[in-house]
Amino acid sequence: MVAGRHAPAMERASVVRRRRHHEILIAAGVAFWAIRRGTNPVTAWAVPMAFAAELSLSAWVALQTGQAQDEKVENVVSEQRIGGHEEAAEAFLVVSGIVVLVAAAGFAKGVTGRAARIVATVGSLAAMGAGYQ
């Protein structure tokens, strides 16, 4: 829990990231179901891929804006807390970026695409863990 008046904003950002992970997992589940029912994998995988890309982009934007606001919140939140929060944000950005790259491989045909879709879905669980830090 973060103390001070900036705490609600930091907690809101964490809740939004968690919700995005759930959306990716739900979209991936629907995509797997649609593919098994005969939908073109490229079409079915577009939504989970879009969610993964949006999550990674929002992580990058959050990191950039957080760094810009660093000086303002140092008077309210301890520097150690800010440093830990920033390190967690950087780790989250790396993990979500890897998930996007693997998810992009999910557009491939055959075994490669199938394996990438499974790994990206599992990877989104790892990103969820990074987002909870």
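The protein chain's accessible surface comes to about 7900 Å², and 64% of that belongs to carbon and sulfur atoms. Keep in mind that this is a predicted model. Of the 133 residues in the protein chain, buried ones make up 33%.

What about the fold? You'll find 5 helices and 0 strands in the protein chain, so the pattern along the sequence is simply α-α-α-α-α. Contacts reach a long way along the sequence, too: take those between residues at least 6 apart, and 70% of them join residues at least 24 apart.

Now for the inside. The largest nonpolar core has 18 residues, and Trp45, Met49, Ala52, Phe92 and Ala103 are the ones with the most contacts inside it. Two or more residues each come from α1, α2, α4 and α5. Which element gives the largest share of this core? That's α2, with 7 residues.

Here are the helices whose residue ranges come up in this report:

| Helix | Residues |
|---|---|
| α1 | 7–36 |
| α2 | 41–68 |
| α4 | 79–105 |
| α5 | 110–131 |

Let's zoom in on Trp45, one of the residues with the most contacts inside the core. Leaving aside residues up to four places away in sequence, Trp45 touches Ala28, Ala31, Phe32, Ala103, Gly106, Phe107, Arg117, Ala120 and Thr121.

Thr121 on that list is worth a stop of its own. It sits in helix α5. Is Thr121 buried or exposed? Its relative accessible area is 16%, and buried means under 20%, so Thr121 counts as buried. A polar atom of the Thr121 side chain lies 2.8 Å from the backbone oxygen of Arg117. Arg117 also turns up among the residues that Trp45 touches. Again skipping residues up to four places away in sequence, Thr121 touches Leu25, Ala28, Phe32 and Trp45. Ala28 and Phe32 are on Trp45's contact list as well.

Back out to the surface, where Ile26, Val30 and Trp33 make a nonpolar patch of about 350 Å². Val30 is found in helix α1. Why does Val30 count as partly exposed? Its relative accessibility is 47%, and partly exposed covers the range between the under 20% of buried residues and the over 50% of exposed ones, so Val30 falls in the middle class.

Note on methods
Residues are numbered from 1 along each chain as its sequence is written. This is a predicted model: local features need pLDDT of at least 70, side-chain atom pairs count only at pLDDT 80 or more; totals for chains, interfaces and linings use all residues. Side-chain values use heavy atoms; hydrogens and water are left out. Patches are made of residues with over 30% relative accessible area and no salt bridge: like charges are joined within 9 Å, nonpolar side chains (Val, Leu, Ile, Met, Phe, Trp, Tyr) within 5 Å. Accessible areas come from the Shrake-Rupley method with a 1.4 Å probe; for residues, only the protein chains shown count as cover. A salt bridge is a side-chain nitrogen of Lys or Arg within 4 Å of a carboxyl oxygen of Asp or Glu. Helices (H or I, at least four residues) and strands (E, at least two) are DSSP runs, numbered from the N terminus. Buried means under 20% relative accessible area, exposed over 50%, partly exposed in between (1.4 Å probe, protein chains only). A polar contact is a pair of N or O atoms within 3.5 Å; within protein, one must be able to donate a hydrogen and the other to accept it, and residues adjacent in sequence count only if both atoms are side-chain atoms. Contact means heavy atoms within 4.5 Å. A nonpolar core is a set of buried Ala, Val, Leu, Ile, Met, Phe, Trp, Tyr and Cys residues joined through side-chain atoms within 4.5 Å.
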